Amino acid sequence: MAGRNSLFIPGPTNMPERIRLAMDINTEDHRAMSAPDFMVPLFEDLKKIFRTDKGEVIVFPSSGTGGWEAAITNTLSPGDKVLTARFGQFSSLWIDSCRALGIEVEDIDVPWGEGAPVEQIAERLAADTQHEIKGVIVCHNETATGVTSDIKGVREALDACNHPALLYVDGISSIGAIEFDMDAWGVDLAVAGSQKGFMLPTGLGIIGVSQKALQAGETASCPRFYFDFKMMINQARTGFGPYTPAMGLLRGLRASVDVLLEEGMENVWQRHHRLAEGVRQAVVAWGLSTCAKTPAWQSDTVTGVMVPEGIDGQEIVKRAYQDYNLSLGGGLTQVAGKLFRIGHLGDLNECMLFSALGGAEMVMRDMGMDIEPGKGVGAAIEYWHKNKV
Ligand SMILES: *Cc1c(COP(=O)(O)O)cnc(C)c1O
């Protein structure tokens with residue numbers, strides 16, 4: 001098909017030219033004397049993305065899921081109990097992975113479209129006077145529904161009853177895109193992946209680890225080898241890792257960190273908010289609603305657009321790709337067919353987003369939905385015009 005693909009899946013995200021070119025390098029000697037000159041500052045700067053001075057950042061050659069597994073196995077022992085909530089595909093997968101690794105999970109079932117139930121979490125924690133709960137796991141940004149949870153609120157719930165459980169956050173579709181403050185929120189394990197906010201190909205699991213989490217590792221007895229924090233942490237400190245580092249991706253990560261820090265994290269967050277708000281204005285103008293049930297839950301990195309009864313969301317995604325070379329996200333499991341998703345994170349601006357909004361609008365027209373041409377695009381234009389930076 002002529003023309004380029006318009007990529008609006010909620011990860012992997014669009015790659016800036018500068019990041020792509022940074023990975024176009026000859027093979028490097030990763031044991032060279034000069035390796036630390038590259039590696040050590042990279043890990044220092046990564047902390048600025050996670051917003052941690054006190055913690056460490058560890059990078060594994062894996063997708064984000066490897067980062068989860070590392071977070072769990074490095075801090076827990078088989079039979080330990082964790083508390084979490086299930087409100088989408090990714091929060092559910094955390095539960096599955098914990099159980100597969102021998103961790104006991106107490107899960108709170110929440111309707112999809114809502115986020116972490118802070119009050120219920122607070123109640124469970126307060127009732128756990130014996131401190132049997134060793135960890136609280138929260139999916140910060142549920143990519144399946146487009147819902148952002150209140151991590152600070154969960155921290156406050158832990159603090160309110162002086163609960164010592166570790167706080168685990170899946171920040172795979174939030175870190176590097178929307179507000180994330182590891183130290184201020186007292187996050188112990190913050191898991192990110194290279195292909196979302198970091199605008200890289202898939203292949204790096206990037207984890208912020210607090211000193212408390214490292215301490216927990218001293219007694220945590222889950223089997224681990226490849227994903228061992230202790231073995232890996234020297235890479236950040238000395239520049240040399242325990243096995244061959246993915247140098248190409250790390251060169252890309254260097255460029256990604258530079259791109260993010262040059263824009264400034266606050267500006268990155270604000271840009272994502274403005275762009276997301278324009279998308280939401282379009283959804284309202286289409287007469288549709290977001291999967292996120294209230295504005296407080298709405299994610300600035302991905303919007304789940306609910307489709308009317310009788311329309312298959314999956315068909316919209318399929319036609320967008322086939323007819324217009326536009327990639328949108330589909331609905332997963334519980335919401336399969338009920339929505340389509342527009343990913344709006346990473347290297348994006350207003351004009352790029354017009355292709356997603358205009359393309360989605362065109363497909364919905366093609367499918368016979370009652371949508372006035374330009375209605376959604378017009379609403380986004382008006383919002384972005386009025387809120388120009
Ligand atoms: C993408 C995503 C994952 C899965 O990460 P992989 O890199 O595919 O392993 C997990 N959680 C969230 C919230 C995600 O968006």
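This report covers the ligand site, the two sheets and two backbone details of a predicted model.

**The ligand site**

The shell around the ligand holds 13 residues. Ser63, Thr65, Thr143, Asp170 and Lys196 are the closest. By class, the shell has seven polar residues, four nonpolar and two charged. Helix H3, residues 64–73, contributes three residues, the most of any element.

Three polar contacts to the ligand are listed here.

| Protein partner | Ligand atom | Distance |
|---|---|---|
| Gly64, polar backbone atom | oxygen | 2.7 Å |
| Asp170, polar side-chain atom | nitrogen | 2.6 Å |
| Gln195, polar side-chain atom | oxygen | 2.8 Å |

How much of the ligand does the protein bury? Taken alone, the ligand exposes 380 Å², and the protein buries 88% of that.

**The seven-stranded sheet**

One open sheet has seven strands in the order S2-S10-S9-S8-S5-S3-S4. Its pairing is mixed. Strand S2 (56–61) and strand S4 (104–109) form the edges, each pairing on one side only. Neighbouring strands are turned by 20 degrees against each other on average, with direction ignored.

Within this sheet, strand S8 (residues 166–170) pairs with strand S9 (residues 189–193). The pairing is parallel and runs over three bridges. Asp170 stands opposite Val191 in S9. Asp170 also makes the 2.6 Å side-chain contact to a ligand nitrogen.

Which helices pack here? H3 lies across S2, S8, S9 and strand S10 (204–209). The direction of H3 makes about 165 degrees with S9. H3 is also the helix that gives the most residues to the ligand shell. Helix H6 (residues 151–160) packs on the sheet as well, touching strand S5 (133–139) and S8. The angle between H6 and S8 is about 165 degrees.

**The three-stranded sheet**

A second open sheet has three strands, ordered S11-S12-S14. Its pairing is antiparallel. Strand S11 (289–290) and strand S14 (339–343) are the edge strands, and each pairs on one side only. Strand S12 (residues 302–306) and S14 are joined in the antiparallel sense over five bridges. Val305 stands opposite Phe340 in S14.

Helix H10 (residues 265–285) lies across S11, S12 and S14. H10 runs at about 5 degrees to S12.

**Backbone details**

Most residues other than glycine have a negative phi, and most peptide bonds are trans. Two places in the model depart from this pattern.

Is the peptide bond from Gly11 to Pro12 cis or trans? The bond is cis, with omega near -5 degrees. Pro12 sits in the loop between strand S1 (6–7) and helix H1 (17–22).

The other place is Met199, where phi is positive, near 60 degrees. Met199 belongs to the loop between S9 and S10.

**In brief**

The ligand is contacted by the backbone of Gly64 and by the side chains of Asp170 and Gln195. H3 supplies three shell residues and lies across four strands of the seven-stranded sheet, S2, S8, S9 and S10. The three-stranded sheet has antiparallel pairing, with H10 lying across its strands.

Definitions and conventions:
Residues numbered from 1 in each chain as written. Predicted model: local features only at pLDDT ≥ 70, side-chain atom pairs only at ≥ 80, totals over all residues. Heavy atoms only, no water. Near = heavy atom within 4 Å. Polar contact = N/O pair within 3.5 Å; in protein donor to acceptor, adjacent residues only side chain to side chain. Areas by Shrake-Rupley, 256 points an atom, 1.4 Å probe, with all protein chains shown as cover. Helix = DSSP H or I, 4+ residues; strand = E, 2+ residues; numbered from the N terminus. Nonpolar A, V, L, I, M, F, W, Y, C, P; charged D, E, K, R; others polar. Pairing = 2+ DSSP bridges. Contact = heavy atoms within 4.5 Å. Axes fitted to C-alpha atoms, helices over the stretch in contact; angles between N-to-C directions.
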